[in-house]
Amino acid sequence: MANNEEVFKKIISHAKEYGFVFQSSEIYDGLSAVYDYGQNGVELKNNIKQYWWNAMVRYHENIVGLDSAIFMHPTIWKASGHVDAFNDPMIDNKDSKKRYRADVLVEDYVAKVEDKINKEVEKAAKRFGDAFDEKQFRETNQRVLDNQVKIDEAKRRLYSSLEAEDLEDVRKLIEDLEIVCPISGSRNWTDVRQFNLMFSTKIGSVTDDSSVIYLRPETAQGIFVNFLNVMKTGRMKIPFGIAQIGKAFRNEIVARQFIFRMREFEQMEMQFFVKPGTELEWFEYWKSARMKWHLSLGLGAENYRFHDHEKLAHYANAAADIEFNFPIGFKELEGIHSRTDFDLNAHQKFSGKKLQYFDPELNESYVPYVVETSIGLDRTFLALMSNAFTEEKLDDGTERVVMKFPPVLAPIKAAVLPLVAKDGLPEKARMIMDDIKSEFMCQYEEKDSIGKRYRRQDAIGTPYCITVDHQTLEDNTVTIRERDSMKQERVSISEVRDIVYRRIKG
Ligand code: ATP
């Protein structure tokens with residue numbers, strides 16, 4: 001897929017034009033980094049949720065679900081570390097008045113230098129042909145080595161300064177790397193300051209300081225504070241997991257990347273509780289299981305990669321991201337973290353309640369360790385949209401835009417189309433529609449020429465169009481048109497439901 005701003009813009013406008021994603025509060029000029037999902041978007045989103053839920057909860061007998069509230073006791077966010085440490089370092093450019101995440105400016109610089117290295121490697125690969133040894137080239141080419149030193153040094157200094165909370169050095173690093181504001185082109189930067197990402201509001205009718213509560217910045221804490229409830233009532237035995245899908249809120253500093261970085265978004269998280277000492281094995285297990293899930297969507301193995309964290313969050317002893325090749329480049333889609341016993345321990349301390357598991361084999365109690373898988377629903381949506389978006393030139397010289405979603409996730413599975421809106425064809429088509437709509441999401445359309453209707457269904461990614469024509473009235477057969485190949489076959493009406501069902505289940 002092209003790493004291309006133009007393509008990204010096309011996807012954003014397609015998402016709006018075909019009812020996938022709208023800017024929130026658009027008639028009031030929008031609300032920054034908040035989006036609404038339209039009639040097709042909500043179907044796609046629900047299908048992604050179902051696909052994830054089935055993989056996690058339905059297919060794992062030792063994982064159960066949860067739906068915890070967005071509002072939680074404010075002390076939870078003290079215990080989790082979010083009140084004190086859920087900060088991003090921000091910096092402003094005085095000329096453009098634009099605000100940036102200081103760490104992201106440095107990471108973008110690193111990505112640019114990495115690009116230079118990759119171009120150097122590509123050029124050499126072309127020059128040397130089959131004889132090219134990439135490993136040797138990377139280890140010996142002076143320009144590559146010099147650039148690698150720049151990358152290592154920038155990363156080392158960024159992470160050690162952030163670790164030491166030396167924000168002055170982060171600012172100096174930005175100056176030393178001669179990073180300019182992408183808007184103004186200037187190096188006129190403010191100091192770097194910490195910015196807490198949690199939204200707060202007040203609960204109840206008496207508003208004093210004690211009534212401040214937060215909109216949850218992650219769904220995970222709702223799982224931790226229900227650990228005992230679920231373990232006891234579900235009679236769960238370690239290892240076991242609790243999965244949850246829900247909204248999370250972050251007052252992101254930089255929010256200019258469509259649904260990639262939103263202030264209100266949705267997460268699909270699973271916390272897996274394990275025996276202390278086994279967490280790194282489970283971490284590897286979940287890394288590989290989650291990658292398999294992504295690959296099962298068929299978006300192409302080359303579009304995914306792991307990124308192991310060098311700088312670990314305060315609660316983790318191992319962490320990796322699954323990155324996807326979005327049109328804006330390879331970026332985080334899912335995080336897999338070995339969170340140790342940090343959260344349960346902290347909640348024990350702050351709540352005064354024991355959060356332990358009695359292990360009948362060891363005949364002792366312990367605080368379990370936790371491995372977390374946390375995937376952004378909206379980012380998965382964006383990955384699917386970007387991958388599906390295809391512009392095609394057809395043999396007859398016309399063009400079409402087709403969303404090649406995996407059929408199992410497509411918003412509408414089948415469209416039922418009478419060739420013309422007369423001669424009894426609509427009535428026949430309605431009968432088919434009534435028969436199959438209980439099985440999957442279908443759409444009935446009779447307006448405009450059949451060609452136009454096919455294009456509209458292509459544009460929203462409907463895998464099958466079922467067309468009722470005059471022959472249908474004679475022999476009870478219809479045509480089924482497949483979205484990607486545009487091939488049509490004639491089948492008996494009585495087979496339609498089964499055929500579509502089988503193909504969608506794949
Ligand atoms: P980033 O580094 O991109 O800010 P993160 O490491 O803070 O992400 P996590 O806290 O690990 O993200 O959250 C888990 C997942 O939630 C991410 O992998 C991502 O898919 C999703 N996510 C996080 N922040 C946002 C956001 N602002 N908008 C949309 N999705 C998000």
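**Domains, a pocket and two helix pairs**

Guide: The domain assignment gives domain 1 (1-84 + 207-402), domain 2 (87-196) and domain 3 (412-505). The model is predicted.

Visitor: How do you know that domain 1 and domain 2 are in contact?

Guide: Contact requires heavy atoms within 4.5 Å. By that test, 11 residues of domain 1 touch 14 residues of domain 2. The centres of domain 1 and domain 2, taken over C-alpha atoms, are 27 Å apart.

Visitor: Which domains each give at least three residues to the lining of the second largest pocket?

Guide: Domain 1 (1-84 + 207-402) and domain 3 (412-505) do. The pocket has a volume of about 570 Å³. Its lining counts 18 residues, and Gln50, Asn54, Val408, Ile504 and Lys505 are the closest to its centre.

Visitor: What makes a residue part of that lining?

Guide: A lining residue has an atom within 4 Å of a pocket point. α2 (39-58) and α17 (493-505) each supply at least two such residues. α2 gives the most, with 7 residues.

Visitor: How many residues of each class are in the lining of the second largest pocket?

Guide: There are 9 nonpolar, 4 polar and 5 charged residues. Lys505 is a lysine, therefore it counts as charged. Gln50 and Asn54 belong with the polar residues, because they are in neither of the other two lists.

Visitor: What is the geometry of α2 and helix α11?

Guide: The axes of α2 and α11 (residues 279-296) come within 12 Å and cross at roughly 145°. The crossing is right-handed. On the α2 side, Tyr51, Trp52, Ala55 and Met56 make the contact. On the α11 side, Trp286, Arg290, Trp293 and Ser296 do.

Visitor: What makes up the contact of α2 with α11, by class?

Guide: The split is 6 nonpolar, 1 polar and 1 charged. Arg290 is the charged one, because Arg is on the charged list. Ser296 is the polar one, because Ser is on neither the nonpolar nor the charged list.

Visitor: How do helix α5 and helix α8 pack?

Guide: α5 (residues 102-128) and α8 (residues 167-176) pack at an angle of about 35°, with axes 10 Å apart. The crossing is left-handed. α5 brings Ala102, Leu105 and Val106 to the contact, and α8 brings Val170, Leu173 and Ile174.

Visitor: How do the residues of the contact of α5 with α8 divide by class?

Guide: The count is 6 nonpolar, no polar and no charged. Ala, Leu, Val and Ile are on the nonpolar list, so the names agree with the count.

Visitor: Which bond joins isoleucine 238 and proline 239?

Guide: A cis peptide bond, with omega about 5°. Proline 239 sits in the loop between α10 (227-233) and β9 (240-249).

Visitor: What is the phi of serine 25?

Guide: Phi is positive, about 55°, although serine 25 is not a glycine. Serine 25 is in the loop between β1 (21-23) and β2 (35-37).

Notes:
Residues are numbered from 1 along each chain as its sequence is written. This is a predicted model: local features need pLDDT of at least 70, side-chain atom pairs count only at pLDDT 80 or more; totals for chains, interfaces and linings use all residues. Side-chain values use heavy atoms; hydrogens and water are left out. On a 1 Å grid over the protein atoms alone, a cavity is a set of points where a 1.4 Å probe fits but cannot get out, and a pocket is an open set with protein on both sides within 12 Å along at least five of seven lines; lining residues have an atom within 4 Å of a point. Grid points are joined across faces, edges and corners, and a volume is the space filled by probe spheres set on the points. Helices (H or I, at least four residues) and strands (E, at least two) are DSSP runs, numbered from the N terminus. Domain bounds come from an automatic or database domain assignment. Axes are lines fitted to C-alpha atoms, for helices over the stretch in contact, and angles run from 0 to 180 degrees between N-to-C directions. A crossing is left-handed if the near helix is turned anticlockwise from the far one by less than a right angle, and right-handed if clockwise.
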